[in-house]
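Me: I would like a close look at one part of this molecule, namely the strands, how they pair, and the charged side chains that sit on them. Please explain each term as it comes up.

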Amino acid sequence: MSRVQLALNVDNLEESIGFYSKLFSTDPAKVRPGYANFAVAEPPLKLVLIENPGQGGSINHLGVEVPDTDTVDAEQIRLAGAGFASIDQRGTTCCYANQDKFWVEGAPNGEHWEIYTVLADSATAGGPSGASHATSPATRQATRVSTTASPPVAEQAHCHCSSGGIA
């Protein structure tokens with residue numbers, strides 16, 4: 001099953017969990033310090049809450065959760081064929097999960113989109129503390145990947161779920 005992911009910055013995690021539990025009639029699937037996620041059945045949605053005081057109500061990042069690594073690869077190839085560059089992350093730990101994923105480059109308004117699959121749960125948030133996907137243009141250029149035949153395997157250590165979110 002594929003579903004859209006919406007990761008929101010929230011000022012108060014506990015208050016936000018209460019609100020979204022009522023809004024979607026479901027309890028969080030995972031709660032960790034400064035982090036919670038909901039696997040909403042209807043509409044199919046992965047809602048992620050990231051505690052970032054002073055940034056509440058803003059989008060942290062967006063994504064599409066897919067069922068497996070083969071689907072991640074297929075989507076990366078499809079988007080490369082459409083002219084999109086990507087930043088590849090395989091076997092990475094982010095948002096308290098081990099994942100295979102890539103970040104889509106070039107969103108017209110600077111949105112951060114990931115296509116990912118969860119390989120296993122993790123006890124740690126992942127990425128260096130305070131790391132974010134927001135990097136300088138020179139760094140993005142150096143790590144940009146364009147796939148034409150098969151997806152590359154290159155690790156970039158950026159995780160949006162760490163405290164501080166996107167810089």
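Reply: Let us begin with β2 and β3, which run antiparallel and are joined by three bridges. Strands, like helices, are read from DSSP runs and numbered from the N terminus, a helix being a run of H or I with at least four residues and a strand a run of E with at least two. Two strands are said to pair if DSSP finds at least two bridges between them. The model is a predicted one, in which local features need pLDDT of at least 70 and side-chain atom pairs count only at pLDDT 80 or more, while totals for chains, interfaces and linings use all residues. Residues are numbered from 1 along each chain as its sequence is written, and side-chain values use heavy atoms, with hydrogens and water left out.

Within this pairing, Lys30 stands opposite Asn37 in β3. The two strands make a hairpin with two residues between them, and in its turn Gly34 has a positive phi of about 75°. Strand β3 covers residues 35-40, and five of its six residues are buried, so that it can be called mostly covered. Buried here stands for under 20% relative accessible area and exposed for over 50%, with partly exposed in between, using a 1.4 Å probe and protein chains only. On its way along the sequence, β3 also meets strand β4 (residues 45-51), to which it is joined by six bridges in an antiparallel arrangement. Here Phe38 has Leu47 in β4 as its bridge partner, and the hairpin of β3 and β4 has four residues between the strands.

Charged side chains form further links. Side chains of opposite charge can pair when their charged atoms come close. A salt bridge, as counted here, needs a side-chain nitrogen of Lys or Arg within 4 Å of a carboxyl oxygen of Asp or Glu, and the structure holds eight of them. One is formed by Arg32 and Asp121, whose closest N and O atoms are 3.1 Å apart. This pair links distant parts of the chain, since Arg32 belongs to strand β2 (residues 30-32) and Asp121 to strand β8, 89 residues apart. Arg32 counts as partly exposed because its relative accessibility is 25%, and Asp121, with a relative accessible area of 47%, is partly exposed as well.

From β8 we can move to β7, for eight bridges join these two antiparallel strands. Lys101 stands opposite Tyr116 in β8. Lys101 also forms a salt bridge with Glu114, with the closest N and O atoms 2.8 Å apart. Because Lys101 lies in strand β7 (residues 97-104) and Glu114 in strand β8, the pair ties together parts that are 13 residues apart in sequence. Both Lys101 and Glu114 are buried. Elsewhere, Arg3, Lys46 and Glu65 are joined into one network by salt bridges that share partners.

Returning to β7, seven of its eight residues are buried, so the strand is mostly covered. It pairs with strand β6 (residues 86-94) too, through seven bridges, the two strands running antiparallel. In this pairing Thr92 stands opposite Gln99 in β7. The hairpin of β6 and β7 has two residues between the strands, and Cys95 takes a positive phi near 55° there.

Another salt bridge to look at is that of Arg3 and Glu65, in which the closest N and O atoms are 2.7 Å apart. It links distant parts of the chain, with Arg3 in strand β1 (residues 3-10) and Glu65 in strand β5 (residues 59-65), 62 residues apart. Arg3 counts as buried because its relative accessible area is 15%, and Glu65 is likewise buried because its value is 11%.

Finally, here is the setting of these strands. The protein chain has three helices and eight strands, which follow the pattern β-α-β-β-β-β-α-β-β-β-α along the sequence. Of its 167 residues, 46% are buried. If a contact is taken as heavy atoms within 4.5 Å, residues 24 or more positions apart account for 65% of the contacts with a separation of 6 or more.
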